[in-house]
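Welcome! Have a look at the protein shown here, then work through the exercises below one step at a time.

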Amino acid sequence: MLIQLVNIKVKEGTRDVFLEAFKINCDGTRQEPGNIRFDLLHDPDDNNNFFVYEIFESDAALDDHRETQHYKKCVEMIDPITLNGRTKTYFAPIHVQGAKTS
């Protein structure tokens, strides 16, 4: 199981473009066989700061995700409006619904 939290901050005035791009990505990703969870979260103190909480069955499922058209379209749309790129933090499950842990 692969769990990651991606932080994306976008330029002032580009929130709507970002949300449009991520709707495409969320809708597509949630249909992928290797995806368990894919949530877009918003920082309540900053309208331009977002987090994506992702759970995939495996590293291979995440690699497959990065080859999909919805992912590539999202990246194409958000790259020009993203500040300081995307940061990713990876996690190991302990008490995660549906996860088998040791």
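## Exercise 1: The cysteines

A search through the whole structure turns up 0 disulfides, where a disulfide is a pair of cysteine sulfur atoms within 2.5 Å. Before you start, note that this is a predicted model, in which local features need pLDDT of at least 70 and side-chain atom pairs count only at pLDDT 80 or more, while totals for chains, interfaces and linings use all residues. Residues are numbered from 1 along each chain as its sequence is written, and side-chain values use heavy atoms, with hydrogens and water left out.

**Task.** Find out how far the sulfur of Cys74 is from the closest cysteine sulfur, and whether Cys74 is buried or exposed.

**Solution.**
- Step 1: Start from Cys26, which is in no disulfide; its nearest cysteine sulfur belongs to Cys74, 7.9 Å away.
- Step 2: Now look from the other end. The closest cysteine sulfur to that of Cys74 is in Cys26, and 7.9 Å is too far for a bond.
- Step 3: Check the surroundings. Buried means under 20% relative accessible area, exposed means over 50%, and partly exposed lies in between (1.4 Å probe, protein chains only). Cys74 has a relative accessible area of 1%, so Cys74 is buried. Cys26 has 7%, so Cys26 is buried.

## Exercise 2: Building the sheet

**Task.** Work out the order of the strands in the open sheet, and say which are the edge strands.

**Solution.**
- Step 1: Get the terms clear. Helices (H or I, at least four residues) and strands (E, at least two) are DSSP runs, numbered from the N terminus. Two strands pair if DSSP finds at least two bridges between them. In general, strands of a sheet pair through backbone hydrogen bonds, either parallel or antiparallel.
- Step 2: Go through the pairs. E2 and E3 run antiparallel and are joined by 7 bridges; they form a hairpin with 6 residues between them. In this pair, Leu41 stands opposite Phe51 of E3.
- Step 3: Move on to E1 and E3, antiparallel strands joined by 8 bridges. Here Ile3 has Ile55 in E3 as its bridge partner.
- Step 4: Strand E1 (residues 2–10) also pairs with E4, in the antiparallel sense, over 8 bridges. Gln4 has its bridge partner in E4, namely Tyr90.
- Step 5: Put the pairs together. The open sheet has 4 strands in the order E2-E3-E1-E4, with antiparallel pairing. E2 and E4 are the edge strands, since each pairs on one side only. From one strand to the next, the twist averages 15°.
- Step 6: Add the helix. H1 packs on the sheet and touches E1, E2 and E3, and its direction makes about 165° with that of E2. Contact means heavy atoms within 4.5 Å. Axes are lines fitted to C-alpha atoms, for helices over the stretch in contact, and angles run from 0 to 180 degrees between N-to-C directions.

## Exercise 3: A cluster of rings

**Task.** Find which residues are linked into a cluster by ring pairs.

**Solution.**
- Step 1: Rings of Phe, Tyr and Trp (its six-membered ring) pair if their centres lie within 6.5 Å; planes under 30 degrees apart count as stacked, over 60 as edge-to-face and the rest as tilted. The structure holds 3 aromatic pairs.
- Step 2: One of them is the stacked pair of Phe18 and Phe50, at 4.3 Å centre to centre with 25° between the planes. This pair links distant parts of the chain: Phe18 is in helix H1 (residues 15–29) and Phe50 in strand E3 (residues 49–56), 32 residues apart. Both Phe18 and Phe50 are buried.
- Step 3: Phe22 and Phe38 are also stacked, at 6.4 Å centre to centre and 10° between the planes. Because Phe22 lies in helix H1 and Phe38 in strand E2 (residues 35–42), the pair ties together parts 16 residues apart in sequence. Phe22 is buried at 5% relative accessible area, and Phe38 is buried at 2%.
- Step 4: The cluster linked by ring pairs is therefore Phe18, Phe22, Phe38 and Phe50.

## Exercise 4: An unusual angle

**Task.** Find where Asn84 is placed, and describe its phi.

**Solution.**
- Step 1: Asn84 is in strand E4.
- Step 2: Most residues other than glycine have a negative phi. Asn84 is not a glycine, yet its phi is positive, about 60°.
- Step 3: With 78% relative accessibility, Asn84 counts as exposed.
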